[in-house]
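Let us take a walk through a protein model together. Have the picture open beside you as you read.

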Amino acid sequence: MDQIRLGNSGLKVSPITIGCMSFGTPGEGPQKWALGEDDSREVIRTALDAGLTTFDTADMYATGRSEEILGKALADMTRRENVVVATKVFFPMSEGPYDRGLSRKHIMAAIDASLSRLGTDYVDLYQIHRFDPETPVEETMEALHDVVKAGKARYIGASSMWAWQFAMMQYTADLNGWTRFVSMQDHYNLLMREEEREMHPFCVDQGVGILPWSPMARGKLTHPLGTHTPRQDTDRLVRGGMYSNNEDSDAAVIGVVQRVAENHGVSMAQVALAWVMAQHAVTSPIVGVTKPSHLDDAIAAIDLRLTDEELVELVAPYTPRNPEGHA
């Protein structure tokens, strides 16, 4: 499987990134749909066999359990240099006041803890999970630079925030000769296209690769209207109101996805994912997997080519909405 260059960096990633938020302990915490270790290992094995080399996790996924499962599986199944491992820092890992955010104190402790759980000396991509308004940007960027110079991360990236915040952090690195972000992991799919306004043009201009999360709108784009997946019924973001407005627009988009999928004889998930991959700014969408069919759909979507007419038809019903996922 061909690998894709991440922005202007020298790092190459697979066309699909395996999101590891689904790895943990079934039935525990907010991710009640999570997979246990055995099922998670099966996902990792299938992904590797298919040529997918890039895995994205975070310290807060199942409070570190996701990192432990991923690290152990990769050590058993492949050579470290043959895969790209990404993890993230920001969200609370405990009730303690220092176990969260993007202070130098927390970043330095968090990278060591992540490396210990992953069982590796370095991560390929170390990402800030959100913007931290309580820490000076200079402090965060210098700490991330020092993580790279210490050999604990090869590259750094960021996740959902306002474009002006991302620009401020990137230019702070430039002004001080520190390590720049090579990637942006943002909320982007057929129901949430607000990143096309500022974030994506900025990233293209700056040579930053984009790794969209929730490319299938947390399952809403994978089933006809009126049906629900177990994840939709228990997902804390969906239950908290994500995608709760613009219902008429969303229904129209979902209807087009269903019609295009029927015309191609494929699943709706393949169409939704193929649309994301067809966008110029996108490098590698992050796909969470909780059953074998999810991985099958993701792999099949790589070769699905939508026509120009279908690409126009899929976006036509969209209406602007408030960005979600920055908090």
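**A small space inside**

Val-13, Thr-17, Thr-54, Asp-56, Val-84, Ala-86, Leu-125 and Leu-211 line the largest cavity. Before going further, please keep in mind that this is a predicted model. Find those residues in your viewer and you will see where our tour begins. Which elements give two or more residues to this lining? They are β4 and β5. The cavity they help to surround has a volume of about 40 Å³. Sorted by class, its lining residues are 5 nonpolar, 2 polar and 1 charged.

Let us pick one residue of that lining and look around it. Thr-54 belongs to strand β4, which covers residues 54-56. Is Thr-54 buried or exposed? With a relative accessible area of 4%, Thr-54 is buried, because anything under 20% counts as buried. Its side chain makes a polar contact of 3.5 Å with the side chain of Thr-53. If we set aside neighbours within four places in sequence, Thr-54 is in contact with Val-13, Ser-14, Ile-16, Thr-17, Ile-18 and Val-84. Among these partners, Val-13, Thr-17 and Val-84 also line the largest cavity.

Now step back to the sheet. An open sheet is formed by 8 strands, and their order is β9-β8-β7-β6-β5-β4-β3-β10, with parallel pairing. Which strands stand at the edges? They are β9 (209-210) and β10 (286-288); each has a single partner strand, so one side of each is left without a neighbour in the sheet. What holds such strands side by side? In general, the strands of a sheet pair through backbone hydrogen bonds, and they can do this in a parallel or an antiparallel way.

Follow a few of these pairs across the sheet. Strand β5 (residues 84-89) runs parallel to strand β6 (residues 123-128), and 4 bridges join the two. Along this pair, Val-89 stands opposite Ile-128 in β6. On the next step, β6 and β7 also run parallel, joined by 5 bridges. Here Leu-125 stands opposite Tyr-155 in β7. You have met Leu-125 already, as one of the residues lining the largest cavity. Why can we say that β7 is largely enclosed by the rest of the structure? The strand covers residues 153-159, and 5 of its 7 residues are buried, so the description follows from that count.

The loops deserve a visit too. Two of their residues have a positive phi, and neither is a glycine. Thr-63 has a phi of about 50°, and this residue is found in the loop between β4 and α2 (65-77). Phe-90 has a phi near 160°, and its place is the loop between β5 and α3 (104-118). How do their surroundings compare? Thr-63 counts as exposed, at 56% relative accessibility, whereas Phe-90 counts as buried, at 16%.

A third loop residue, Ser-284, lies between α10 (268-277) and β10. At 0% relative accessibility, Ser-284 counts as buried. What does Ser-284 touch, not counting residues up to four places away in sequence? Its contacts are Val-13, Ser-14, Pro-15, Ile-16, Thr-17, Ile-210, Leu-211 and Pro-212. With one of them there is a further link: the side chain of Ser-284 reaches the backbone oxygen of Pro-15 at 3.4 Å. Ser-284 also shows how a folded chain can bring together distant parts of its sequence: Ser-284 and Arg-5 are 279 residues apart in sequence, and 9.6 Å apart in space from C-alpha to C-alpha.

To finish, look at the other spaces. The structure holds 2 cavities of 30 Å³ or more. The second largest cavity contains about 30 Å³ of space, and its lining is made of Ser-160, His-187, Met-192, Glu-194, Glu-195, Pro-323, Glu-324 and His-326. By class, these are 2 nonpolar, 3 polar and 3 charged residues. There are pockets as well, and the second largest pocket has a volume of about 300 Å³. Its lining has 15 residues, and those nearest its centre are Met-277, Ala-278, Ala-301, Ile-302 and Arg-305. In this lining, 12 residues are nonpolar, 1 is polar and 2 are charged.

Terms used. Residues numbered from 1 in each chain as written. Predicted model: local features only at pLDDT ≥ 70, side-chain atom pairs only at ≥ 80, totals over all residues. Heavy atoms only, no water. 1 Å grid on protein atoms, 1.4 Å probe; cavity = no way out; pocket = protein on both sides within 12 Å on 5 of 7 lines; lining within 4 Å. Points joined across faces, edges and corners; volume = space filled by probe spheres on them. Nonpolar A, V, L, I, M, F, W, Y, C, P; charged D, E, K, R; others polar. Pairing = 2+ DSSP bridges. Buried < 20%, exposed > 50% of the residue type's maximum accessible area, 1.4 Å probe, protein only. Polar contact = N/O pair within 3.5 Å; in protein donor to acceptor, adjacent residues only side chain to side chain. Contact = heavy atoms within 4.5 Å.
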